[in-house]
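Please open the model in a viewer and keep the selection panel at hand. The tour proceeds by selections, each followed by a description of what is found there.

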Amino acid sequence: MTSQYSVQPLRLAVIGAGARSSIAQHAVRSGEGVVVAVADPSPASRERARETFGDAVRLFPGHRELVDSGEPIDAAFVTSPDHTHAEIAVDLLRAGIAVYLEKPLAITLDDADAILAAAAESGSRLYVGHNMRHMSVVRQMREIIQRGDIGEVKAVWCRHFVGNGGDYYFKDWHAERAKSNGLLLQKGAHDIDIIHWLAGGYSTLVTGMGDLAVYGEVTDRRDNSDRTMPDWFSLNAWPPLSQTELNPIIDVEDISMVTMRLDNGVLASYQQCHFTPDYWRNYTVIGTEGRLENFGDSDGAVVRVWNKRTTYDPQGDAEYRVRGDEGGHNDADRLTVAEFIDFVRDGAPTETSAVAARNAVATAVAATESLRDGSQPRLVPAVDDRVALRL
Ligand SMILES: NC(=O)c1ccc[n+]([C@@H]2O[C@H](COP(=O)([O-])OP(=O)(O)OC[C@H]3O[C@@H](n4cnc5c(N)ncnc54)[C@H](O)[C@@H]3O)[C@@H](O)[C@H]2O)c1
C-alpha cells in the first residue's frame, strides 16, 4: 500500500531550536525531509535556526502559532526542554502531526500517560528518541544475550560516569527540578530503558539514593539562557569545583543510584555520577551461564564474555569489538532518525518503543521520589494496557 508520504520529502518542523535540534539534520542530509518551520520562544534560537535550516524556513514563537498558521507539516522534531514535552506533543499529535519526541518522554508520569493517550486517540505517530537502542555497544550486548551466551539474565548493573556533567547539566534548565525533575530521569531515562531492554522486563519496585554532593558548593552563577551548551563546553573545566557560571538554581542531585526489581524477576542497579573525570557507561549483565561487560562504549570499545569458571581473568572467554558510533552517538542518531522516517512513512516496526519510554519515566520518577524521601521503596505503576495496545 502506498502511504500519503511515499513520494515527496517530508515537510518537517523543529520545535525547540537549541543544541539538540541538529538531530533534524539527519533527515535533511538523507534527502528524506526538508525543515520548513521552526518554533522557539527565544529570538536567538530562531536566528540560529535560520542559519542552520536556511532562509526559506518559517519561524514561529511557539508550536501553537505554527499549528494555527495552517502550514502543512508531516512530522515534527520536538527538541525543547523536558518540562515542555507534554503540552507540545499532545497538541501536535492532536493536530495530526507525527512526532519525534526527544527523551525523556516527560517529567511526570501523568504527563507521560497523557502523551500516550493523545497518540492512541489521535492515531498520529509518536516516536520517542531513545537513540541508545541504536548504539552499537548496546546492540552487541543484546545480541550476545539473545544468542544465549550467558544463559538466562538474572541481573543488570550499569555504572554511568557522566564526566561532562558540569557542562551538560548544571549550567542551564537541566539543573532545575521544575524543568527536568532530576537527572535520574533526565539522563538516566536512557539507561533505565536499556536495562529494561537487555533484561526483557520492566521495573515494578525501586529504591533510590542520591545527593547534591559537589556542584551545590560552586558559588559562581550565571543565567545562561542566552546561549547553548556548545558555547560553554570545555574539557579544561576541571576539577568540578573549579566550574564557573553554573545555573542560578541547582536543586537536582549530582550523584544518584537506583535499585530495581523487574516484573520477570531480574534485579538491576543504575549508578550515575556527574563529577567523574571520564565520560562513559559500563554495563555488566549476569546470567545463569555467564557474564558480559563492556569496556568503552563507542567505536573501538570491547564487550567481553565470561562463561567458563575461573578466578580473575581480565580477557574473558570471548571478546567482541564494537564497530560504529565513531562520532559519539552520531551514528546512533542517524539510524534513529532513519527509523523514525520509515515509521512516519509506512508505520514500519521500530526498535524504540513509546511504551518502554513511558516505563523508563515511571521508573525514574518513582526512584527520584524514593531518593528524596529517605530511600523508601516505591512501586512503579504499570501502563494502561488499553492505551498501550493502540500504539
Ligand atoms: N537523545 C539524546 O541523546 C539527547 C541529547 C541531547 C538532548 N536531548 C534532549 O533534547 C531536548 C533539548 O535539549 P537541548 O540540550 O537541545 O536543550 P537547549 O536548552 O539547548 O535547547 C532548548 C531549546 O528549546 C527552546 N524552548 C524553550 N521552551 C520552548 C517551548 N515551549 N517551545 C519551543 N521551544 C522552546 C529554547 O529556547 C531552546 O532554544 C531535551 O529534552 C533533552 O533531553 C536528547
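Select Ala155, which lies in strand E7; helices (H or I, at least four residues) and strands (E, at least two) are DSSP runs, numbered from the N terminus. This is a predicted model, in which local features need pLDDT of at least 70 and side-chain atom pairs count only at pLDDT 80 or more, while totals for chains, interfaces and linings use all residues. Residues are numbered from 1 along each chain as its sequence is written.

Ala155 has 14 C-beta neighbours inside 10 Å and therefore counts as partly exposed. The scale is as follows: a residue is buried if 20 or more other C-beta atoms lie within 10 Å of its own, exposed if 12 or fewer, and partly exposed in between, with C-beta atoms placed from the backbone. Add Ala268 to the selection: its C-alpha atom is separated from that of Ala155 by 5.4 Å, although the two residues are 113 apart along the chain. With neighbours within four places in sequence left aside, the contacts of Ala155 are Val266, Leu267, Ala268 and Ile286; a contact requires C-beta atoms, placed from the backbone, that lie within 7 Å.

**The nine-stranded sheet**

Next, display the whole sheet around E7. Nine strands form this open sheet with mixed pairing, in the order E14-E13-E12-E11-E7-E10-E9-E8-E15; two strands pair if DSSP finds at least two bridges between them. Strand E14 (318-321) and strand E15 (378-379) are its edge strands, each pairing on one side only. Within the sheet, select strand E9 (residues 255-262) and strand E10 (residues 267-273), which pair in the antiparallel sense over seven bridges. Here Ser256 stands opposite Gln272 in E10.

Now show the helices on this sheet. Helix H6 (residues 136-147) packs on it, touching strand E7 (153-162), strand E11 (279-287), strand E12 (290-295), strand E13 (302-306) and E14, and its direction makes about 20 degrees with that of E13. Helix H13 also packs on the sheet, where it touches strand E8 (203-211), E9 and E15 and makes about 45 degrees with the direction of E8. Axes are lines fitted to C-alpha atoms, for helices over the stretch in contact, and angles run from 0 to 180 degrees between N-to-C directions.

**The six-stranded sheet**

Move to the open sheet of six strands, which has parallel pairing and the order E3-E2-E1-E4-E5-E6. Strand E3 (58-60) and strand E6 (126-129) stand at the edges with a single partner strand each, so one side of each has no neighbour in the sheet. On average, neighbouring strands of this sheet are turned by 25 degrees against each other, direction ignored.

Select strand E4 (residues 75-78). Both of its faces are covered: Ala75 and Phe77 on one side, and Ala76 and Val78 on the other, are all buried. Follow the bridges outward from Ala76: Ala13 has Ala76 as its bridge partner in E4, and Ala76 has Val99 as its partner in E5. Val99 in turn stands opposite Leu126 in E6.

Helix H12 (residues 330-346) lies across E1, E2, E4, E5 and E6, running at about 175 degrees to E6.

**Helix H4 and its partner**

Select helix H4 (residues 85-94). Seven of its 10 residues are buried, namely His85, Ala86, Ile88, Ala89, Val90, Leu92 and Leu93. These buried residues pack against E1, helix H3 (63-69), E4, E5, H5 and E6. Just after H4, Gly96 takes a positive phi of about 85 degrees.

Add helix H5 (residues 109-122): H4 and H5 pack at an angle of about 5 degrees, with their axes 9 Å apart. H4 is therefore roughly parallel to H5, a class covering angles under 35 degrees, whereas those over 145 count as roughly antiparallel, 65 to 115 as roughly perpendicular and the rest as oblique.

**The nonpolar core**

Finally, select Ala13, Ala76, Ala89, Val99, Ile115 and Val361, the residues with the most contacts inside the largest nonpolar core, which has 109 residues. Such a core is a set of buried Ala, Val, Leu, Ile, Met, Phe, Trp, Tyr and Cys residues joined through C-beta atoms within 7 Å. Helix H13 (residues 354-371) gives the most to this core, with 11 residues. Beyond its neighbours within four places in sequence, Val361 is in contact with Pro104, Leu105, Ala106, Leu109, Ala112, Leu185 and Ala189.

Notes
Contact = placed C-beta atoms within 7 Å.
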